[in-house]
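Thanks, everyone. Please bring up the sequence and the structure, and I'll walk through one strand and one pocket.

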Amino acid sequence: MVKPFYDPPSLLLKQLKSALLIRRLTGWTKLPWWTTQANKIFQIAAGCQGVGCFGYPVHPVWEVTAKCNLECDHCHARAGKVDSADELTTEEGKTRVIDPLSQVSDFKSLIFSGGEPLVREDLFELIAHAKRRGFYPIIATNATLITATVAERLKRAGTLGIAASIDSTKDEVHDSFRKKEGALKLAKEGIANAAAEGMYIQINITASKINKDELPEIISFADDLRAHVILLYQFIPTGRGLESSELELSVEEFREEILLAGMLQKNLHPVIAPVGLPQYWALHNVQRNSGRRSNVLRGCICGNGMFYIKPNGDVWPCAFVPLSGGNLREKTPEQIWNDSELFKDLRNRDNLKGICHDCSQREMCGGCRARAFGRTGDLFAEDHMCPLDADERSGIRH
């Protein structure tokens, strides 16, 4: 059985410290509202050891299928109508994934992702099994398949919340990006159905050249929904995204996004957590916290807080880093998490190179390992898209 989110109590203190630090770095005024949602948030952030890329470390994510009802431009899994012959079976999902994951003390929540997890017929059975083992189940979804009946079934199976993708408030933009007419309308209905069941709501946004000027409106939409968290993904050219690499933001646009998100955070109900942009925390730390060290700012959590399980059982250190630390058909999660050389090397930031190695914010940022690997083939190369200038990397506040 997974230990509850309050065991050990130090985890709750780290969550509180993370929230207070976000307030200090951004001037966040809605922390009192957030505390009224503490029951949901503490469970969702179960085992939280700080704040960083993907929101919080540590958590496993299981890409239960690469099949999907959409074919989005940016999909790292190249999801769609694909062959699923090598997917872990229902029995393997229970005995090779869920049961042994529950034996890793760092893991308390479990995210079911894809593809689109709702196209997998045994999803409700797998969620229920995870819930019985003590996990706090969440699904990452495009939300288009969440009818009122599906939302009720998800809740009954033990789903605590959804992470739903919204890339524009304009139907023509979102639908074009997702390659399905009516996708935005269906997603909004799906989110509303999940909210009606009392679920935690997270909105995932992928920032790109397509929607960068619309980010305030999309974030405002998530705020109006009273979402609890906004994961602000960056378009990273990997998977199907390699075919649209021109959509990636520039260094200057990354910096503008960091400053914009920090400004908007002040009066937002949800917390913004950028993905693929660990410099968000580093820049605000230099500017508002005088570059002081913090043991809850984690930056990039590739291999250091992310345990990403592919449909065939391969375990990647990040959804955007196609390197395996082992396969769950051959090794246990504990063996991979604790003994894999890939994961251990990523936890030692002395291994970083170039500006990332020399940066004063190295431990709180680490650069985006996916972007470095995609550009150079070297997992430890410097993040060439770092939006901090030389003084900020040295810890000098402007």
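A definition to start: two strands pair if DSSP finds at least two bridges between them. And a reminder that this is a predicted model.

So, strand E10, residues 306-309. What does strand E2 do here? E2 covers residues 59-63, and 4 bridges join E2 to E10. The two run parallel. Take one contact from that pairing: tryptophan 62 has isoleucine 309 as its bridge partner in E10.

Now the other pairing. E10 is joined to strand E11, residues 315-316, by 2 bridges. This time the strands run antiparallel. Isoleucine 309 comes up again: its bridge partner in E11 is valine 315.

E10 and E11 form a hairpin, with 5 residues between the strands. Look at glycine 313 there. Its phi is positive, near 100 degrees.

Next, the faces of E10. Are they buried or exposed? In general, side chains in a regular strand alternate between the two faces of the sheet. In E10, Met306 and Tyr308 sit on one side. Phe307 and Ile309 sit on the other. All four residues are buried, so both faces are covered.

On to the pocket. I mean the second largest one, with a volume of about 340 Å³. How many residues line it? The lining has 21, and Pro237, Thr238, Gly239, Leu242 and Gly374 lie nearest the centre. Which helix gives the largest share of the lining? That is H15, residues 369-376, with 5 residues. By type, the lining splits into 11 nonpolar, 5 polar and 5 charged residues.

That's my tour. Over to you.

How values were computed: Residues are numbered from 1 along each chain as its sequence is written. This is a predicted model: local features need pLDDT of at least 70, side-chain atom pairs count only at pLDDT 80 or more; totals for chains, interfaces and linings use all residues. Side-chain values use heavy atoms; hydrogens and water are left out. Buried means under 20% relative accessible area, exposed over 50%, partly exposed in between (1.4 Å probe, protein chains only). On a 1 Å grid over the protein atoms alone, a cavity is a set of points where a 1.4 Å probe fits but cannot get out, and a pocket is an open set with protein on both sides within 12 Å along at least five of seven lines; lining residues have an atom within 4 Å of a point. Grid points are joined across faces, edges and corners, and a volume is the space filled by probe spheres set on the points. Ala, Val, Leu, Ile, Met, Phe, Trp, Tyr, Cys and Pro count as nonpolar, Asp, Glu, Lys and Arg as charged, and the others, Gly among them, as polar.
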